[in-house]
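User: I should like a close look at a single part of the model shown here, set in the context of the whole chain.

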Amino acid sequence: GWLPALQLVRRGSKAVTRHWKAMHFERQKLMAVTEYIAPRPAVPPRCLPRPKNEIQEEDGYARLLRRQVEEVFRSSRMVAVCQYNSMPDEDLVMMRYYLRKHNIEIKFILNEVGADPSGRERWGWLLRASFQAVSQIVRPVLAQSKYRNLLPLFVCQNILLVSPETRAREMLRVLKGVPQVNLLGACIDDTILSRQGVENFAQLPSLEASQGQTVGALALLPSQTSSLLQRGPLLLTALLDEHIRQLRDAGIPGEPPQEQGTG
């Protein structure tokens, strides 16, 4: 007859000769007798003094960064907190250039210890390495200062725009052309302002103009008071002079001429 070209042949498997078997009673007793029992401590653990927590020394680089943050807030009259979104390095350099023309600096607080292996100042690398751990540097500094109300603004990636002068108008003009940087708030002359407050502050006149207006307003009231006080006597004097002139021109009838004294 006909046979297929491929045949499957099943080979017989070996018989299982190993099955689970209970341990002999004598061996169980031997294992129980020889079981290792750890010695009890001489003093209970609850009676021992608590281990002292090791005080970890603070990183020197972190202390340096905190001192830099303190110096920035101490020496700057205007500190603006902005939220940063991704942008090309060229645009970031141009923004920095236009801000520097108005004496405004961009501050990146580096929170990660590391250096650029090439030694170049690349703003993209600085931004990736900055403000990744804001709670380690900025928050402890602000929490112990009078700027603690600025803490809610430091979220995600932030940059600081600082200036020794109050250049709010110029800063808003530059940020208007950079949609990737959003102004969250600012501290101007030790006064914390929101974004709307900064815009209102930018519309105010300069300090010299305000001082001139104040001096003019203060000098106007005394001058008006002086003129009002002098109006009555001046009017009375003018009326008396006019009355005397009219009497002198018309003459008084029946009045005897004055006698000239002799000698």
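What percentage of the residues in the chain is buried? Please then look closely at strand S1 and its surroundings: which strands pair with S1?

Analyst: The model is predicted, so local features are described only where pLDDT is at least 70 and side-chain atom pairs only at pLDDT 80 or more, whereas totals for chains, interfaces and linings use all residues. Residues are numbered from 1 along each chain as its sequence is written, and side-chain values use heavy atoms, with hydrogens and water left out.

Buried residues account for 25% of the 263 residues in the chain; buried means under 20% relative accessible area, exposed over 50%, and partly exposed in between, with a 1.4 Å probe and protein chains only. The accessible surface of the chain is about 21,100 Å², and 55% of that surface belongs to carbon and sulfur atoms; these areas come from the Shrake-Rupley method with a 1.4 Å probe, and for residues only the protein chains shown count as cover.

The chain contains 8 helices and 5 strands, where helices (H or I, at least four residues) and strands (E, at least two) are DSSP runs numbered from the N terminus. Along the sequence they follow the pattern α-α-β-α-β-α-α-β-α-β-β-α-α. Of the contacts between residues at least 6 apart in sequence, 70% join residues at least 24 apart; a contact means heavy atoms within 4.5 Å.

Strand S1 spans residues 78–84, and 6 of its 7 residues are buried. The 5 strands form an open antiparallel sheet in the order S2-S3-S1-S4-S5, two strands being paired if DSSP finds at least two bridges between them. S2 (105–107) and S5 stand at the edges with a single partner strand each, so one side of each lacks a neighbour in the sheet. From one strand to the next, the twist averages 25°.

S1 itself has S3 and S4 as partners. With S3 (residues 158–163), S1 pairs in the antiparallel sense over 6 bridges, and Met78 has Ser163 as its bridge partner there. With S4 (residues 181–188), the antiparallel pairing of S1 runs over 7 bridges. Val79 is bridged to Cys187 of S4, and Cys82 stands opposite Leu183 in that strand.

Both cysteines just named are buried: Cys82 has 0% relative accessibility, and Cys187 has a relative accessible area of 4%. The count of disulfides is 0, by the rule that a disulfide is a pair of cysteine sulfur atoms within 2.5 Å.

On the far side of S4, 4 bridges join S4 to S5 in the antiparallel sense, and Ala186 stands opposite Leu193 in S5. S4 and S5 form a hairpin with 2 residues between them, and Asp189 in the turn has a positive phi of about 55°.

Helices accompany the sheet. Helix H3 (residues 89–101) lies across S1, S2, S3 and S4 and runs at about 130° to S2; axes are lines fitted to C-alpha atoms, for helices over the stretch in contact, and angles run from 0 to 180 degrees between N-to-C directions. In helix H7 (residues 195–202), the residues Gly197, Val198 and Ala202 are buried. Viewed down the axis of H7, its buried residues fall within an arc of 140°, so they line one face of the helix; the arc is that of the directions from the helix axis to the C-beta atoms. These buried residues of H7 pack against helix H6 (168–175), S4 and S5 (191–194).
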